[in-house]
Amino acid sequence: RALMDTNDQQARLLGDVRPQIVMTPPVEAGRFSVLAAGQDMGVLASVLLRPFEVPESLAVARLECLPRPPMPPADAASTGAAPPADSDSDDARGALDGAFVLGTSIVLPGEDDAKRGRVLVARWDAALEQLQVVGCLTVMGAAYALAPFRGMLLAAVANRLLLLGWQRRAVDARTAAAAAAPRRICDGVVYAEDPDYELVVICSQQAQIASLSLAVAGDYVAVGDIMSSVSVYRYEESLVAPAAVPRAAASAGGLQQQQPAPPQIRRRLVPVARDYSGVWTTAVAAVPPPLAQNHARLRPEPVASETGFLEPGDIARAFRDPAQERLLVADSYGNLIRLVRGDSDDEQLHVEGRWHLGDMVNVIRAGSLVMDIPDPEFPGLLRPQLVFGTLHGALGVVASVEDGKLGRVLARLQTNMAHLLPTPGLWDYARWRGYASDQRSTGAFGFLDGDLIEQFLALPHRTQQLLFEGGAGALADRARVSEAEAARKRELWASYARVEGEANVEVLAQLAVSDIGAREGVSLDFVVRLVESLARHHF
């Protein structure tokens, strides 16, 4: 009898005298591999998952050991003694540093969606050159996203947000786990369940429809939903006094007396805010806050002749507190949205920017494509913060301009280039970059188009001078704008206020071609150096 197994299909060759080929349908199964961090990227170990099980998410996390909750009074009374206390040294030895955590989904034939999945915890043993699977937790749904959090693990499973922890087992469970001998799954992979610790659910919070992405900002967790935009949860800890555990008394009568146990830490995730618009979210990331020394630069002095288009106070409302949590959200229509959390009692996330990218973003991560070398002329003012990947294989960088005047100069340059330069195919630039979905369509605001702005460096000097001066010298000055044009600008500002629920978007720089030098008091050489500094962050 012979057995043949290929990657494409399973074919069993059974025979005594006459060979008979029996074909079975192909079975989908995922694989998890560990690659060497060298130039060859060789495979060190590889795990073939169960039939119909595919990987959904992957994270590298440090899992700190959590003590076992005290035994209930009824169980402790039946045993006559409390379980031994866990020492800090044991917890330090049991912590997993640099553990690989894999989230999977299992969709059986005939099922429309994943009804179950697994969260696997593995670590690489460099001495034995083995991948050891030390923990496994079965969850009710697909584990779409994982994120390390305060020595624990966040998991977006179906429509729930789970907080997982590496917790000490009960005494009887330790004995059973220790009795189970490690078994080799394949070359370089050993299933060796940890005898002292296990992966458990610490708390669970109901989300919306299907949670696909996670983002962490301090104590706050943002969950991107497939149809219900983004929700924000706050992590809270509190001390809870457990019920007294009966201990055997030293008296001759052997009476039982109550001895209070130490207080336990209660961990939970509390919903605090959400975006109530129906955004089909594909990725979400936390935007790092601006540097403290740049806070004063975020609110430059407005240009008096331009602020006449707006009511008093609109400019102040256009810039929120820089210390508030901000999120970058991508939707299925190829748009990018920037959300900000309001005051502590505000349960709504507010829109600070919308912009059409033209490609669906699948993932957003903190980082940069090049080394962040400070520019001596613009120190810490142009900071690359996020990197995103799209469905069609493109990579992009999101950088912050932490100076209001520099951002206004770049916005004026973007507006002049969009209005005065011919676009490919004579497309309307404002219409292409405008936000569009099945629910609403608005103009782009709150973002700068780096691809367009950096084309300024490739233009002839005469063209650069023309763009810098705003073409024929048209100024964004109220004295040179007709009353009808001023009314249109006010109406456009009011439309943003109706769409977003508040007038918090500074859109004036995108409404009129202007003379950058006359309006901002800078030279053409300064603008060229500014754009060159911006271009260094991804070249």
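Visitor: Which residues touch the most other members of the largest nonpolar core, and what makes it a nonpolar core?

Guide: Leu 413, Phe 456, Ile 516, Val 527, Leu 530 and Val 531 do, among 24 residues. A nonpolar core is a set of buried Ala, Val, Leu, Ile, Met, Phe, Trp, Tyr and Cys residues joined through side-chain atoms within 4.5 Å. Buried means under 20% relative accessible area, with exposed over 50% and partly exposed in between (1.4 Å probe, protein chains only). The model is predicted: local features need pLDDT of at least 70, side-chain atom pairs count only at pLDDT 80 or more, and totals for chains, interfaces and linings use all residues. Residues are numbered from 1 along each chain as its sequence is written, and side-chain values use heavy atoms, leaving out hydrogens and water.

Visitor: Which elements give two or more residues to this largest core?

Guide: Helix 6 (404-420), helix 8 (450-454), helix 9 (461-469) and helix 12 (524-535) do. Helix 12 gives the largest share, seven residues. Helices (H or I, at least four residues) and strands (E, at least two) are DSSP runs, numbered from the N terminus. The protein chain has twelve helices and 31 strands.

Visitor: What does Leu 530 touch?

Guide: Leaving aside residues up to four places away in sequence, Leu 530 touches Phe 378, Leu 382, Leu 406, Val 409 and Leu 410. Contact means heavy atoms within 4.5 Å.

Visitor: Why is helix 6 called roughly perpendicular to helix 12?

Guide: Their axes come within 11 Å and cross at roughly 95°. Axes are lines fitted to C-alpha atoms, for helices over the stretch in contact, and angles run from 0 to 180 degrees between N-to-C directions. Angles under 35 degrees count as roughly parallel, over 145 as roughly antiparallel, 65 to 115 as roughly perpendicular and the rest as oblique. The crossing is in the perpendicular range, so helix 6 is roughly perpendicular to helix 12.

Visitor: How many residues of the contact of helix 6 with helix 12 are nonpolar, polar or charged?

Guide: Nine are nonpolar, with no polar and no charged residues. Ala, Val, Leu, Ile, Met, Phe, Trp, Tyr, Cys and Pro count as nonpolar, Asp, Glu, Lys and Arg as charged, and the others, Gly among them, as polar.

Visitor: Why are helix 9 and helix 12 called roughly perpendicular?

Guide: They pack at about 100°, with axes 11 Å apart. That angle is in the perpendicular range, and therefore they are roughly perpendicular to each other. His 461, Gln 464, Gln 465 and Phe 468 in helix 9 meet Leu 524, Val 527 and Val 528 in helix 12. This contact has four nonpolar, three polar and no charged residues.
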